[in-house]
Structure formats: structure tokens, C-alpha cells
Amino acid sequence: MATQRRHTSVAAELEGTLLISGDLFPYFLLVALEAGGPLRAVVLLAVYPLVALLGVALSDDDLPVSVMTFVSTAGLAVADVAAVAKVTLPRFLLGDLRDSAFRAFARHAGGERYVVTRLPTVMVEPFVREYVAEGARVVGTELRVVGRRFTGTAVVSPGVAVAGGDRSLGALVAVLGRDRIVDVGLCSGDGAVNRQPAFMQICQERRVVATPDKAPATPLPRSEYRRPLIFHDGRLVGRPEPLACLAVVMWLPLGVVLAVTRILIGVFPYGVSLLLAAATGFQIRAHLGDAAATGAPPERRLRGTLYACNHQTLMDPVILSTVVHRKVTAVTYSLSGLSELIAPIPTVRLTRDRGRDQQIMQSVLARGDLAVCPEGTTCREPYMLRFSPLFAEIADEVTPVAVRAGGAMFHGTTVRGHKWMDSFFFLMNPSPWYHVRLLPPVSSSSSCGGDDGDASSHDVANRVQRVIGDAIGFECTALTRRDKYRMIAGHDGVDARAS
């Protein structure tokens with residue numbers, strides 16, 4: 001009679017083992033900034049060096065964690081912290097996920113899996129369950145909640161103590177129940193002395209899966225993620241280490257001046273504005289193609305050119321207008337009043353009524369050039385959302401425009417933040433850049449041989465999406481604006497300002 005095979009249970013520490021770095025400051029800073037605001041983040045940045053030194057002086061590893069937990073979460077709504085944990089932290093945690101430790105943890109699929117951490121559980125659970133192991137249990141700090149807000153204090157004393165501490169041991173025993181052990185415990189090693197978290201005492205087999213002194217750690221490749229990272233939120237581009245955060249704070253005054261200067265440059269003629277933008281560090285590169293991509297002068301054309309761009313920031317149509325050296329009208333479903341005010345090109349607001357919007361766009365195209373972003377919203381990662389087919393129904397020919405943009409310090413898009421400041425944040429980057437490539441026109445009348453106009457417009461939209469995706473190496477998806485807003489904000493995004 002065959003015996004049923006028992007699955008192996010495994011427990012692994014998060015910081016320093018599953019994650020390459022053991023530094024928790026960046027994650028507390030992200031919660032403080034995105035859920036609490038800039039002032040709370042500055043307070044955390046100011047307090048951190050003091051408590052870190054005090055922790056070293058007192059040989060208390062838990063003191064800095066307790067103080068950072070309080071400063072970053074006290075008074076914040078549970079929903080706000082949970083949202084940051086879901087849409088902001090995973091990108092930074094994934095970038096630090098150790099390849100070897102992840103694979104060792106994944107080999108025990110089917111058994112009970114535990115991730116032990118000094119971070120609050122609410123900050124780690126979305127990442128662990130979506131990107132590390134579905135069904136894994138997070139053993140971390142449980143925060144006290146009063147009136148749907150965190151007090152910043154722990155229900156149980158936080159921390160995974162090393163060499164002799166018993167807090168992680170008590171936390172894991174509380175989850176497992178008494179008289180139970182874990183089959184395998186995973187931890188890291190520091191030099192000749194292994195760093196042994198207290199929870200390893202109830203692990204039958206102890207495995208050191210990371211030895212920093214022997215070989216440099218390798219992060220898990222993007223292609224090996226359990227699920228692709230497509231949507232995320234938050235303003236900061238780089239990992240917010242203490243010195244990097246200090247650099248951001250010191251840069252802000254100059255960044256504001258640069259942003260205002262770059263906005264004012266838009267009033268100058270196109271050739272001059274390109275030179276002035278370059279003088280401020282704004283890099284704009286354009287490839288207009290071999291066939292007169294800029295087209296004939298407006299006075300010689302019966303209709304304007306319809307440009308279909310992938311969407312990187314609100315400035316896509318502005319940069320397009322600059323590189324083709326003429327006014328291009330941009331259409332939008334929702335744009336803040338400030339963004340409309342500072343826009344150096346005409347903007348037209350659509351109504352979300354298909355028939356009415358088609359008339360509006362045809363009217364604009366009859367008078368001049370028109371730029372549309374059929375994705376309906378931006379995507380930060382190298383993926384393209386599904387193209388709405390409406391643009392393919394208003395002109396016989398569409399000029400695809402492949403756009404890439406970025407900055408080293410701030411993201412120029414957000415969902416949960418202040419969207420009216422999107423352009424300001426993008427322009428506050430030390431050296432923001434735009435790469436624009438005009439591709440050969442695509443016919444919207446012969447791309448599909450069927451008689452069904454609706455089907456034809458969908459085929460044209462998909463073809464334009466593929467052409468742009470191939471040009472810039474982005475993967476085409478069937479995801480939509482609604483999918484993005486539901487994932488990040490929990491609603492359809494109909495009333496959201498800007499994209």
C-alpha cells in the first residue's frame with residue numbers, strides 16, 4: 001500500500017535572505033511618502049540616522065525598526081498603507097529579490113511556506129503572495145489599529161532578533177502552534193559567522209542560501225517573475241536609500257526652477273525651444289523616417305495628419321508637436337485645468353460618447369493635425385495596453401508614433417497622487433529624455449478585407465499597436481485603462497483627471 005508523501009514545510013527570512021539587502025529604511029520611506037506625504041518622509045529621513053546610531057550603541061537591532069514603524073505609519077489609514085504595499089512596494093522588493101533564495105524557496109511548492117520579517121505584515125503580504133509564493137504565510141509585525149488607523153505600535157513586539165533573541169521564534173510559534181517544527185529553514189550567512197535568526201531553532205534542517213562574502217548576489221531576472229510587473233505607482237524612480245533621499249531633498253529647489261524654465265521654453269519657436277531645452281538638460285531625440293514624415297505644409301493639405309502615439313506622459317503630444325515643427329492638437333478625456341493652462345498646444349476634451357467624440361475628432365482633423373493616445377492611459381513598464389479603435393474610424397491613414405520617455409529621479413505619471421503635478425514632476429528630473437520615432441503611415445481602409453467597419457477599425461488599432469510595439473521593443477497586451485485603475489486605485493478611472 002502506497003504511503004502519501006508529506007510535503008516539506010519551509011520558513012525563510014525576508015531581509016538579507018530572500019531580499020539581497022537587509023536595509024528596511026527604503027520601504028518605510030516609501031510608505032511615509034506615498035501614504036503620509038512629503039513632510040512625514042522628511043521627518044523619517046531626519047530621525048533615521050539618530051535611531052540607527054542609538055541602536056548600534058545599545059546593541060538593539062529592533063529600536064530603529066520600532067521608530068521607523070511608528071514614524072511611517074502612526075495615524076495613517078489602514079487602506080492607504082495597504083494600497084502602497086500593493087502598488088508601490090512590489091517594484092522595489094522585486095528589484096532586490098535574490099535569485100538563488102527565491103529558487104530555493106520555490107522548490108518547496110506544495111508544503112507550508114512562511115516568510116519571517118521585521119517589517120509590518122501589512123507592508124509585505126501583497127508582495128509575498130503575488131510575487132514570491134501564493135499561499136505563503138507572512139510572519140511579521142502586527143500593528144495596532146484604532147478606528148481604521150494605525151497607531152504605529154505593534155500588537156506583539158516587532159523584530160526578528162539574531163543570535164539569542166526569541167521574538168521571531170515566538171511569532172512563528174504563535175502561527176504554527178506549540179510542539180510543531182518547520183522542516184527547512186532558509187537564512188543568509190555573513191562572512192565566517194552565520195547569521196542565525198531565532199526562528200531557526202524550530203527548523204529541523206537549516207540551510208544557508210546566501211553567502212555575501214563568497215559571491216555577489218544576483219537579483220531575479222524579470223523574465224523569471226511569477227507574474228509580470230506591468231502596473232505600479234509612486235513618484236520615486238530609484239530605490240530610496242538614505243543618501244539618495246537626501247539628494248532628492250537637496251535637488252527639489254533647483255528642480256522647481258528647472259521645471260518652470262522648461263515650461264516657459266514652450267513659448268519660443270520650435271527650433272529655438274529644442275536648443276533651449278537641450279541647454280537645460282532636457283534631451284529630445286527624434287527620428288522622422290525616410291519618407292517626409294513631417295508631411296506637406298498645412299496650407300497644401302486638405303486634411304491634417306492623424307498621429308497615433310503610445311502613451312508615456314502628458315507631454316507626448318507636446319514633444320511630437322516640437323519635433324514636427326508645427327501645432328498638433330491633442331485630445332484628452334480628462335485633463336486638469338493647470339495642465340490645460342500650461343499646454344503650449346491646443347487641447348480638445350472628449351466626452352466618452354463614441355458618436356460625439358468621432359465628430360469632434362473629425363472636425364479637428366479637418367482643420368489641422370491631431371494626436372491621439374489610443375491606450376487611454378500611461379504605462380511605465382515596457383508593455384503596451386490595448387488600443388481603442390476610435391482613431392481608426394476618422395481618417396484613411398494613420399501615422400504611428402513610437403515614444404519612449406523617462407527620468408532618473410521622478411515618475412511623470414501617477415494614479416493615487418496629485419495628477420495635476422505630473423508634468424511638473426517629469427520636468428523636475430535633472431535630465432529628462434524623450435525619444436520619438438515617426439513610423440510609416442498605416443492605411444485604415446485596406447488593412448482588413450471585411451465589410452464590417454467595426455471589425456476593420458479593431459484590426460487597424462491592433463496593427464498600429466503591433467507596429468509601435470515592434471519599433472520600441474514593448475510587449476503588446478489586451479489590458480485596458482480600466483484594468484490599470486482597478487488594480488491601482490480600485491475604481492474604473494472614469495473621473496480621474498489626466499491619464
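How do the residues of the lining of the second largest pocket divide into nonpolar, polar and charged? The points below take this up first, then go on to the cavities, one helix pair and two single residues.

1. **Status of the model.** This is a predicted model. Please read every value below as computed from it.

2. **Second largest pocket: make-up.** The lining divides into 18 nonpolar, five polar and three charged residues. In total, 26 residues line this pocket. Its volume is about 680 Å³.

3. **Second largest pocket: where the lining comes from.** Leu33, Gly37, Pro38, Arg235 and Phe425 lie nearest the centre of the second largest pocket. Four elements give two or more residues to its lining: α2 (25-36), α3 (38-58), α10 (242-264) and α15 (422-427). Of these, α10 gives the most, with six residues.

4. **Cavities: count.** Searching the whole structure turns up two cavities of 30 Å³ or more. The largest has a volume of about 70 Å³. The second largest has a volume of about 40 Å³.

5. **Largest cavity.** The lining consists of Ile230, Phe231, His232, Asp233, Thr378, Cys379, Arg380, Thr413, Thr414, Val415, Lys484 and Ile488. By class, that is five nonpolar, four polar and three charged residues.

6. **Second largest cavity.** Lys86, Val87, Pro90, Arg91, Glu130, Tyr131, Leu229, Phe231, His232 and Met487 line this cavity. Six are nonpolar, one is polar and three are charged. Helices α5, α6 (89-95) and α8 each supply at least two residues of the lining. Phe231 and His232 appear in the linings of both cavities.

7. **Helices α5 and α8: geometry.** Two packed helices are described by the angle between their axes and the distance between the axes. Here the pair is α5 (residues 78-87) and α8 (residues 121-132). Their axes come within 8 Å and cross at roughly 35°. The crossing is right-handed.

8. **Helices α5 and α8: contact.** From α5, the residues are Val81, Ala82, Ala85 and Lys86. They meet Val122, Met123 and Pro126 in α8. The contact has six nonpolar residues, no polar ones and one charged. Lys86 also belongs to the lining of the second largest cavity.

9. **Gly185.** Is Gly185 buried or exposed? Gly185 has a relative accessible area of 0%, so this residue counts as buried. Gly185 sits in strand β6 (residues 182-190). Leaving aside residues up to four places away in sequence, Gly185 touches Ala11, Met200, Cys203, Glu205, Arg206 and Arg207. Phe105 is 80 residues away along the chain, and the two C-alpha atoms are separated by 9.6 Å.

10. **Arg180.** Where is Arg180 placed? Arg180 is in the loop between α9 (167-176) and β6. Its relative accessibility is 37%, so Arg180 counts as partly exposed. Not counting residues up to four places away in sequence, Arg180 touches Glu112, Tyr114 and Ile202. Arg180 and Ile202 are 22 residues apart in sequence, and their C-alpha atoms are 7.8 Å apart in space.

Methods:
Residues are numbered from 1 along each chain as its sequence is written. This is a predicted model: local features need pLDDT of at least 70, side-chain atom pairs count only at pLDDT 80 or more; totals for chains, interfaces and linings use all residues. Side-chain values use heavy atoms; hydrogens and water are left out. Buried means under 20% relative accessible area, exposed over 50%, partly exposed in between (1.4 Å probe, protein chains only). Contact means heavy atoms within 4.5 Å. On a 1 Å grid over the protein atoms alone, a cavity is a set of points where a 1.4 Å probe fits but cannot get out, and a pocket is an open set with protein on both sides within 12 Å along at least five of seven lines; lining residues have an atom within 4 Å of a point. Grid points are joined across faces, edges and corners, and a volume is the space filled by probe spheres set on the points. Ala, Val, Leu, Ile, Met, Phe, Trp, Tyr, Cys and Pro count as nonpolar, Asp, Glu, Lys and Arg as charged, and the others, Gly among them, as polar. Axes are lines fitted to C-alpha atoms, for helices over the stretch in contact, and angles run from 0 to 180 degrees between N-to-C directions. A crossing is left-handed if the near helix is turned anticlockwise from the far one by less than a right angle, and right-handed if clockwise.
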